[in-house]
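Dear colleague,

I am passing on the structure we spoke about, with the sequence alongside. Please look through it first, and then read the notes below, which set out what was found.

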Amino acid sequence: MSRSHSRTRMSGVARLAAAATAAGLVAAALALPAVGGSGAVLVAGTEALNLRPEELVEPPLAEKTAVYDAEGRRIAQFYAQDRKVVPLVRIAEVMRTAIVAIEDDRFYEHGAIDVEGTARALVKNLTSGGISQGGSSITQQYVKQVLFNAAGTEAEKNAALEASYARKLQELRHAMAVEQKYTKDQILEKYLNIAYFGAGANGVEAAARRFFGVSAARLDLAQAATLAGAVQDPNATSPDRGAKARELLRQRRDVVLDRMAELGRITPAQAAAAKARKLGYKGVKQPNGCQESRYPYFCEYVRHELLSDPAFGKTRRQREAAFSQGGLKVHTTLDPAAQKAAEAAIKKHVHASDRALAAEALVQPGTGAIRAMAASRPFGGSARKNEISYNAVADMDHGGLVGFQAGSTFKTFTLIEALKQGMKIDDGITAGAGYTAPAAASFTDCAGRKVGDPSWTVTNDEGSPGFKTLATGTWGSVNTFFMELQERVGLCPTVQTARSLGIKRADGEELREFETFTLGINESDPVTVATAYAAIAARGTYCPPMAITKVVGRDGKATTFRPRCERVLDAGVADATAHILSGVFTHGTMSGVGGIGRPAAGKTGTTDGYASAWFAGFTPDLAGAVSIGDPRGSQRHKLTGVTIGGRYYGSVQGASLPGPIWKDTMIAALRGVPATPFTPVDADRFGGCDLGCAPAADHPDDATAEPAADDDAAF
């Protein structure tokens, strides 16, 4: 034998040895007869490779998080990967048959590797000088998918997919462990749930719904063959990439059908019938995020709540991963009927195309449960569509911005403080046409600083000076009366009362503690104001706003959220406050708008120069707050000489727009709910006459008259 012939023969033996080694001990044994005396060398090589089972770390698959309303209907979903894990029994048998036929037809017959397939592929790869044929079993493919999904960096992802024998051997070690740990059906289930099918669909359930609009359990032969064909090269055959990709996918489908017929899994006639069908790709949209939710503002509130709660991860990054990948089921407080009522009322009075923006929140007294959050503009990032990309109903901690000055809705806190200090309903003060702080030291903030601007005079835009009681001064919303009242009861006690009811600035900064605090100079948001008024309705029990009731993890364990309420007002004080505020509808600034056909109380609010307008009100069953202003800058773009909802307004006041929106909302939201009366005021403690005793000159009671002016001045 020539030396060159010997080298050629040895080269061939070496290739066979490498093929046998890479295939594992079983493949080595298969190769022994073909290489004769070289067998001992092969065995030694495989022992050196340490081809023993190696445990595979299997992190939980990324799954969609779903958000549900109070009635259990899904209102939003979030995902980093569109996937829903399903058990094998919820995957059509034809789908299981198709994937096994095309990917690993001897899956149920071989162990961790398919000896015949692997050896055949390795010989092909060696003779071609690289890896040109896979030969991977479904188990090996599952291992590769796990390693790829677990990779945290691009380098790790590339390593999980690299075309090397080292990677292949490590994959085999893991596959051996997987085969020992699970049954074949369990492995197939895991593979079908982890595989990527294209078009953004991970796992067979997501793929079935996105491709064909059906569940994996309802896939037919042609659909199953399509999905089975997609896993080989899901990027090239992704049907959302155009006609060329869809044609490639159709061709792959037909290859699968031919293979199924060749193996006797279906008849040639069945294959022909399925091949005659069109691809049938529907591209069913799978919403992702709040922008695609029916209730985007409430959704944003929930999202920010979860991302700030350490119960779902120590860091924000961990919480974001839990939210977008953890497969959580988030149950919330949103009431669809109340939400519909708020949306309809806003739409009736304010158009989405208007510059002015209306926002409303509804809160349940006694629990703090947010029942609805609505705004006049759609949520999104398109300026052309007049969309807004922030939460118009909430504070900055929940995706909002700076909010709007709350105006005379803050007078209620001065009223409460006066009642707390022992004033009676008929006690009063003589209010002038203007109010000027007598000295810079006439007010003291909660840091002990003396405040007060004697160079500024607060006036009543409309309204009469004179003696005003707590009731009549509130009904007429008389600025000078409330400045005098706040001077009497104290600025800091008034601020502390407001804080006890959850009042804070929307931007998260400290409340501005100036003498005009009672006139609502602080910017707030509807959720915060509605929750404060809900505490009055609950007879002095304040419950922080609550949007989430329960979060269920993928393991079925539930984290339950309950109201965290505390009594912040004496019940009698709250009752007296409600008693006075109920007169706003019959004798005050809302008399031209009228009531809602059941006991209700509230307060209008209009800021200085008509920069923004509010109404906050409540029944014993539901509280709500409505704001309206121009998000371009309420101080620069005031609500004067504006057209809103197709109607021209010389100026927008609390009773002009926010009041009617609140009224229409409450009538619809409480339809079918038995009316609950307020607890009668303690007359021995607070005195007070019947609401009908107010002087007619100060409090118009003509229900057909125009709404009374809201004499507010905030700056």
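To begin with one of the cross-links, the torsion about the S-S bond of Cys543 and Cys565 is about 110°, so this disulfide is right-handed. The pair links distant parts of the chain, with Cys543 in the loop between strand 16 (541-542) and strand 17 (548-552) and Cys565 in the loop between strand 18 (558-560) and strand 19 (566-567), 22 residues apart. The sulfur atoms of Cys543 and Cys565 are 2.1 Å apart. Cys543 counts as buried at 4% relative accessibility, whereas Cys565, with a relative accessible area of 33%, is partly exposed.

Please keep in mind that this is a predicted model. The pLDDT averages 87 over the chain, and 85% of the residues score at least 70. Over residues 128-134, however, the pLDDT is below 50, and this stretch has 12 contacts in the model beyond near neighbours in sequence. The pLDDT is also below 50 over residues 691-715, a stretch with 80 contacts in the model beyond near neighbours in sequence.

As for the chain as a whole, it has 24 helices and 24 strands, and of its 715 residues 55% count as buried. Among contacts between residues at least 6 apart in sequence, 71% join residues that are at least 24 apart. The accessible surface comes to about 29800 Å², and 51% of that belongs to carbon and sulfur atoms.

The count of disulfides comes to 3, and the one between Cys543 and Cys565 has been described above. Another joins Cys446 to Cys492, with an S to S distance of 2.2 Å, and with 110° about the S-S bond this link is right-handed. Because Cys446 lies in the loop between strand 11 (443-444) and strand 12 while Cys492 lies in helix 20 (residues 491-500), the pair ties together parts that are 46 residues apart in sequence. Cys446 counts as partly exposed at 31% relative accessibility, whereas Cys492, at 13%, counts as buried.

A further disulfide joins Cys290 to Cys299, S to S 2.1 Å; the torsion about its S-S bond is about -80°, so this disulfide is left-handed. Cys290 counts as buried at 4% relative accessibility, and Cys299 counts as buried at 2%.

Cys299 also appears among the buried residues of helix 14, including Pro296, Tyr297, Phe298 and Glu300. Of the 12 residues of this helix 10 are buried, so helix 14 is largely enclosed by the rest of the structure. At 1.5 Å a residue, the 12 residues of helix 14 (residues 296-307) should span 16 Å, and the end C-alpha atoms are 16 Å apart, which agrees.

Two single residues may also help you find your way around. Thr139 lies in helix 6 (residues 138-150) and is buried, with a relative accessible area of 0%; the side chain of Thr139 makes a polar contact with the side chain of Glu179 (2.6 Å). Ser455, by contrast, counts as exposed at 64% relative accessibility, and its place is in the loop between strand 12 (450-451) and strand 13 (457-459). The side chain of Ser455 makes a polar contact with the side chain of Asp453 (2.5 Å), while Ser455 and Thr436, 19 residues apart in sequence, are 7.2 Å apart in space, C-alpha to C-alpha.

With best wishes

Terms used:
Residues numbered from 1 in each chain as written. Heavy atoms only, no water. Helix = DSSP H or I, 4+ residues; strand = E, 2+ residues; numbered from the N terminus. Buried < 20%, exposed > 50% of the residue type's maximum accessible area, 1.4 Å probe, protein only. Polar contact = N/O pair within 3.5 Å; in protein donor to acceptor, adjacent residues only side chain to side chain. Contact = heavy atoms within 4.5 Å. Areas by Shrake-Rupley, 256 points an atom, 1.4 Å probe, with all protein chains shown as cover. Expected span 1.5 Å × (residues − 1). pLDDT = per-residue confidence, 0-100. Disulfide = S-S within 2.5 Å.
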